[in-house]
Amino acid sequence: MMFNFFLMSSYSLGSVLYRRDRDRRHDSPRTKTKTTQNTEPFINRVKMINWTAALLTGVACFGGYLVVRVKKINSHRKAEEKIKRARNRRDESLQRAEQAVLRYKESHPTTDSALILTLSLSELTQQLNKGLLSPEDVLYSYMEKTLAVNKKLNCCTEVLLESLDQLKTVGSNKDGLLYGVPVSIKENLAFKNHDCSCGVIINLDQPAEKDSVLVQVLKKQGAIPFVRTNLPQALLNYDCSNPIYGQTVNPHNPQKTSGGSSGGEGALIGGGGSLLGIGTDIGGSIRIPASFCGICGFKPTAGRLSLQGLRPIYRGQKSVPSSPGPMARDVDSLALCMQALLCDHMFSLDPTVPPLPFNMEIYRSSRPLRIGYLENDGYTQPSPSMARGVREVKALLEQAGHTLVPYCPLKMDQVFPELLIKGLLADGATTLLQKLKGGPVDPCLEPQVYPYGFPKWLKKTISFLLKPVFPRVSANFGALCGVGSVPELWKQHAAVEDYIHETIAHWRSCKIDVLLCPVTGPAYNFLYCGKIATAGSYTMLYNLLTFPAGVVTVSTVTAKDEEELKHYKGCYQDMWDKLFKEAVTGGEGLPVAVQCVALPWQDELCLGFMKEVEQLVKESKK
């Protein structure tokens, strides 16, 4: 209304002035004198109208500001209320679980929880199948341990109290490969009547209508999902903190991060609160937490396991596919989980998954392998412990009769910005930023997403200015603009397909069966993951390629590694290399892992290679 009044006032004023000017041109000199005298009151009225219009415009602007401000305050209040409800649900589940554990311990004083917690997954399943242990004893033992670990590491988003009810019916699945086994699951796997928040406020208060396919299959195989674990805000980060549930810390050093995005799983399993968990991986989200927390993790071939009921931060992104996969203390546990999941029940629930059961013969094969290896991908110089881990495992493999040949990934300087970053953020990060609206951005994510919000012209300008000095930073800034149009998106998809075929041809020209390479590590200091996306080059590449890849812990950081780190320069000697050095400083005693990779659909071969590495490392320490 104020704006309309201002327009009407301006229009009326213009009409009056026009008529006055017209009359003045036709008046006599005497009339002009009289007109001049009559004009003064008119001018005063004009001034008054202009002043009133200015005042009303100011009031309208201030009113608009107040409306925006009130909306922002209201949005913030609603976000705080959502967060409070989510935290209350978590706290209530933890309290009720504690009470349930106390009641069980009082009524079953002879349960040997300490012994149960030392058993491997294969040992546990054997004792459960033979009736030497009951599912109740196992579940309550792990629930008690989980509650203790969570108090130290903040790795759980809630205990699934439905697991206590499942104990009453689990006997009907006694033939399942995971009968009676408690399993932890990442928070973005749908579980009926529970939120899949992905760490963002906008997703709260939207409980899943049914279990994800993987949860249904786990239950069919006799497993008992009993706890959900933490993840970073919006998933696309390899830290593990969000404004809802807070920061998860490393089980080996609470001053370090657990990694992400399956960091809650990594911390819980690494801390002894779970012996088998399900995570998801879109850029190393299973493998990096496994590396940081000293456990094993496996990212299957994209499409090998069902994605139905797994919530991504946004759907429709096809260039860099996500894969769910198991995380555990040892490789045999990963293999048993894959064997359990790759069953007729999953193929029936999700017909889009190829009906390929787990091939145990390939997994257990002991034939000598021709193994490619690399210490440095030419894009991110590894930390001293990362490189040493590869060298030591290479030597053990050669001693065991395997053939090791050098290997180098293709065109990493182009692939990372043009295929990985542009693929993940093809829309210029617009959808991701929309998901973050309505609530605070977590400190671990803030430096990563801040430039996402720059206008396209500014991203291009910064990219142009940085190119002569920091070419890697320049290329990645340019990639943040996205692809720009549908035809460009199709070209980008075609480029990804071409790169996959080129890599497979290169792999075959080297005549290798599998690949040994570094995995990001050791665990970072806090608030660095969001500043160094490029350090994920060792893991993100195999999401792009859709290759199966897994991580095995082989060593720990030594004082010598820390001394060598002081002389770290990096491949480009830019700001990201300096930040990576700072991120991994102070890692003495932390786990060191290596990564094992195979061609698509050769998951069993990849796991078999991981088992060989694990076994050789164990024997070398005896």
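Start by selecting leucine 119, in the loop between helix 3 (113-118) and helix 4 (121-129); helices here are DSSP runs of H or I with at least four residues, strands are runs of E with at least two, and both are numbered from the N terminus. This is a predicted model, where local features need pLDDT of at least 70, side-chain atom pairs count only at pLDDT 80 or more, and totals for chains, interfaces and linings use all residues. Residues are numbered from 1 along each chain as its sequence is written, and side-chain values use heavy atoms, with hydrogens and water left out.

Is leucine 119 buried or exposed? Leucine 119 is buried, at a relative accessible area of 7% (buried is under 20% relative accessible area, exposed over 50%, partly exposed in between, with a 1.4 Å probe and protein chains only). Now show what surrounds it: leucine 119 touches Leu124, Gln127, Leu133, Tyr142, Leu275 and Arg329, leaving aside residues up to four places away in sequence. Contact here means heavy atoms within 4.5 Å. For a sense of scale, draw a C-alpha to C-alpha distance from leucine 119 to cysteine 529: you get 34 Å, for a pair 410 residues apart in sequence.

Next, go to proline 451, in the loop between helix 16 (446-449) and helix 17 (456-466). Proline 451 is buried too, with a relative accessible area of 13%. Which residues does proline 451 touch, not counting those up to four places away in sequence? Pick out Lys459, Phe477 and Leu480. Another ruler to draw: the C-alpha atoms of proline 451 and serine 306 are 34 Å apart, with the two positions 145 residues apart along the chain.

Helix 14 (residues 412-424) is a good next selection, with 10 of its 13 residues buried. Colour the buried ones, among them Met412, Phe416, Pro417 and Lys422. They pack against helix 18, helix 19 (486-509) and helix 20 (537-545).

Keep helix 18 on screen and add helix 22 (residues 575-584), where Trp576, Asp577, Leu579, Phe580, Ala583 and Val584 are buried. Look down the axis of helix 22: its buried residues fall within an arc of 160 degrees, so they line one face of the helix (the arc is taken from the directions from the helix axis to the C-beta atoms). What does that set of buried residues pack against? Helix 13 (384-399), helix 18 (471-479) and helix 21 (559-565).

Check both ends of helix 22 while you're there. At its start, a side-chain oxygen of aspartate 574 comes to within 3.1 Å of the backbone nitrogen of tryptophan 576. After the helix comes glycine 586, which has a positive phi, near 80 degrees.

Helix 13 is worth a stop of its own. Lysine 394 and glutamate 398 both sit in it, 4 residues apart, about one turn of the helix, and their side chains form a salt bridge at 3.2 Å, N to O. (A salt bridge is a side-chain nitrogen of Lys or Arg within 4 Å of a carboxyl oxygen of Asp or Glu.) Lysine 394 counts as buried at 19% relative accessibility, while glutamate 398 is partly exposed at 37%.

The structure holds 27 salt bridges, and a few others deserve a click. Select aspartate 332 and lysine 611, whose closest N and O atoms are 3.0 Å apart. Aspartate 332 is in helix 10 (residues 331-341) and lysine 611 in helix 23 (residues 603-621), so this pair ties together parts that are 279 residues apart in sequence. Then try aspartate 211 with lysine 219, at 2.7 Å between the closest N and O atoms; aspartate 211 is buried at 13% relative accessibility, and lysine 219 is partly exposed at 23%. For a network of salt bridges, show Arg85, Arg89, Asp195 and Asp205 together.

Finish in the strands. Select strand 12 (residues 549-556), where 6 of 8 residues are buried. Strand 7 (residues 296-299) runs antiparallel to strand 12, joined by 3 bridges, with glycine 297 partnering valine 551. Strand 13 (residues 591-597) also pairs with strand 12 in the antiparallel sense, over 7 bridges; there, valine 552 partners valine 594. Strands count as paired if DSSP finds at least two bridges between them.

Notes:
Polar contact = N/O pair within 3.5 Å; in protein donor to acceptor, adjacent residues only side chain to side chain.
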